[in-house]
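Student: I've got a structure to go through before my next bench session. Can you walk me through it?
Tutor: Sure, put it up and ask away.

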Amino acid sequence: MKNEADVCTIIRNSLVSGFKVPDPSGAFQSTSQRCFDGIGAIEKEDGLHFVCWEAKYLKSMSAFPFSKIEPHQNYYLNEYNKCIGVISYVILGVNVGRGDQRMYVFEWNDFMGELYKNRFSIHKDKLEKLPYNEVHKGTFNFDNIITKSDLEKIYGNMDLVLKGYIEKNKPLETGLTNILKEQ
C-alpha cells in the first residue's frame, strides 16, 4: 500500500460489488466534485447493506486529522448515512511497516461529523489503541468498525472531550481580549 489509490483498490476488493467512483479529469477536474471515493455493499446479520466510503491514507503511523476530509465529503457521507440500510465509512489505510497494513474503519455519522467540523485530530498514540482490520492479500474484513464508544474507551467521555476541545481551540474575538484573558 503506497498511496490512496492502493487503499481504494483494497477497499473496493473487500466489499461486495465494490466500486471506486472515478476521479474527475480534464475540464471536469476543476468544476466537479465526487461526493466520496466509492460505494459497495457489506454483509450484515440482516442482509446486504449499501456502503458509501471515503478513503484516506497515512504512509506511516501518525496522527489522523479529520481536516483531511473535505466539506462536501463530510456532507454527503452524513446525508446518505440517514437513509435506511445505508452505512457511511471513512476508511483510513495506514502502512505501519513491512507486512503490517491496517485499515481503520470509522462509522461516519453526525458525531463523527462534529469531530470533523471542529477539526479534531486523533493523535498517533490514540490511533494505535483503536481497533483496526489487517490487510492480507489485498483485502480485509470489516470486523472492527470504530464508533463513538470505541473513541470513549481511549479518550473517556467524548462529549466532554469535544466540548473542551472546542473551548480550547475557539478563536478569540480580538487581540485585546487575548491580552485581558492572560492577565
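Student: Start with the basics. How many helices and strands does the protein chain have?
Tutor: Seven helices and nine strands. Keep in mind that this is a predicted model.

Student: What share of the residues is buried?
Tutor: Of the 183 residues in the protein chain, 39% are buried.

Student: And the surface?
Tutor: The accessible surface of the protein chain is about 10400 Å². Carbon and sulfur atoms account for 51% of that area.

Student: What about contacts between residues at least 6 apart in sequence: what percentage join residues at least 24 apart?
Tutor: That figure is 64% for the protein chain.

Student: Let's go to α1. Which of its residues are buried?
Tutor: Helix α1 covers residues 4–14, and V7, C8, I10, I11 and S14 are buried there. They sit on the same side of α1, because they cover an arc of only 165° around the axis.

Student: What do those buried residues pack against?
Tutor: Four strands: β1 (16–20), β3 (47–58), β5 (86–97) and β6 (100–107).

Student: What happens at the start of α1?
Tutor: N3 has a side-chain oxygen within 3.1 Å of the backbone nitrogen of A5.

Student: β5 came up there. Is β5 enclosed or open?
Tutor: Largely enclosed by the rest of the structure, because 10 of its 12 residues are buried.

Student: Who does β5 pair with?
Tutor: One partner is β3. The two run parallel and are joined by nine bridges. Within that pairing, Y57 has G93 in β5 as its bridge partner. β6 is another partner of β5, antiparallel, over eight bridges. There, N95 is bridged to Q101 in β6, and I91 stands opposite V105 in β6.

Student: How many residues lie between β5 and β6 in the hairpin?
Tutor: Two. G99 is in that turn, and its phi is positive, about 80°.

Student: Does β6 stop there? What else pairs with β6?
Tutor: β8 does, and so does β9. Strand β8 (residues 133–134) pairs with β6 in the antiparallel sense over two bridges. R102 has E134 in β8 as its bridge partner. Strand β9 (residues 145–146) pairs with β6 in the parallel sense, also over two bridges. On that side, V105 stands opposite I145 in β9.

Student: So V105 shows up twice?
Tutor: Yes. V105 stands opposite I91, and V105 also stands opposite I145.

Student: Does I145 touch anything outside the strands? Where does D150 come in?
Tutor: D150 is in helix α5, residues 148–155. I145 is among the residues D150 touches, along with L130 and P131, leaving aside residues up to four places away in sequence.

Student: Is D150 buried or exposed?
Tutor: Buried, because its relative accessibility is 12%, and the cut-off for buried is under 20%.

Student: What does the D150 side chain reach?
Tutor: The backbone nitrogen of T147, at 3.0 Å.

Student: Switching to cysteines. How many disulfides?
Tutor: The count is zero.

Student: Remind me what would count as one?
Tutor: A disulfide is a covalent bond between the sulfur atoms of two cysteines. The cut-off used here is a pair of cysteine sulfur atoms within 2.5 Å.

Student: Why does C35 not make a bond?
Tutor: The closest cysteine sulfur to that of C35 is in C52, and at 7.2 Å this is too far for a bond.

Student: Why not C83?
Tutor: C52 again holds the closest cysteine sulfur. The distance to the sulfur of C83 is 7.8 Å, so that is too far for a bond.

Student: How accessible are C35 and C83?
Tutor: C35 is partly exposed, with a relative accessible area of 22%. C83 counts as partly exposed too, at 38% relative accessibility.

Student: Last one. Where does Y75 lie?
Tutor: In helix α2, which runs over residues 71–81. Y75 counts as partly exposed, at 46% relative accessibility.

Student: How far apart are the C-alpha atoms of Y75 and C35?
Tutor: They are separated by 8.3 Å. Along the chain, Y75 and C35 are 40 residues apart.

How values were computed
Residues are numbered from 1 along each chain as its sequence is written. This is a predicted model: local features need pLDDT of at least 70, side-chain atom pairs count only at pLDDT 80 or more; totals for chains, interfaces and linings use all residues. Side-chain values use heavy atoms; hydrogens and water are left out. Buried means under 20% relative accessible area, exposed over 50%, partly exposed in between (1.4 Å probe, protein chains only). Contact means heavy atoms within 4.5 Å. Accessible areas come from the Shrake-Rupley method with a 1.4 Å probe; for residues, only the protein chains shown count as cover. The arc is that of the directions from the helix axis to the C-beta atoms. A polar contact is a pair of N or O atoms within 3.5 Å; within protein, one must be able to donate a hydrogen and the other to accept it, and residues adjacent in sequence count only if both atoms are side-chain atoms. Two strands pair if DSSP finds at least two bridges between them.
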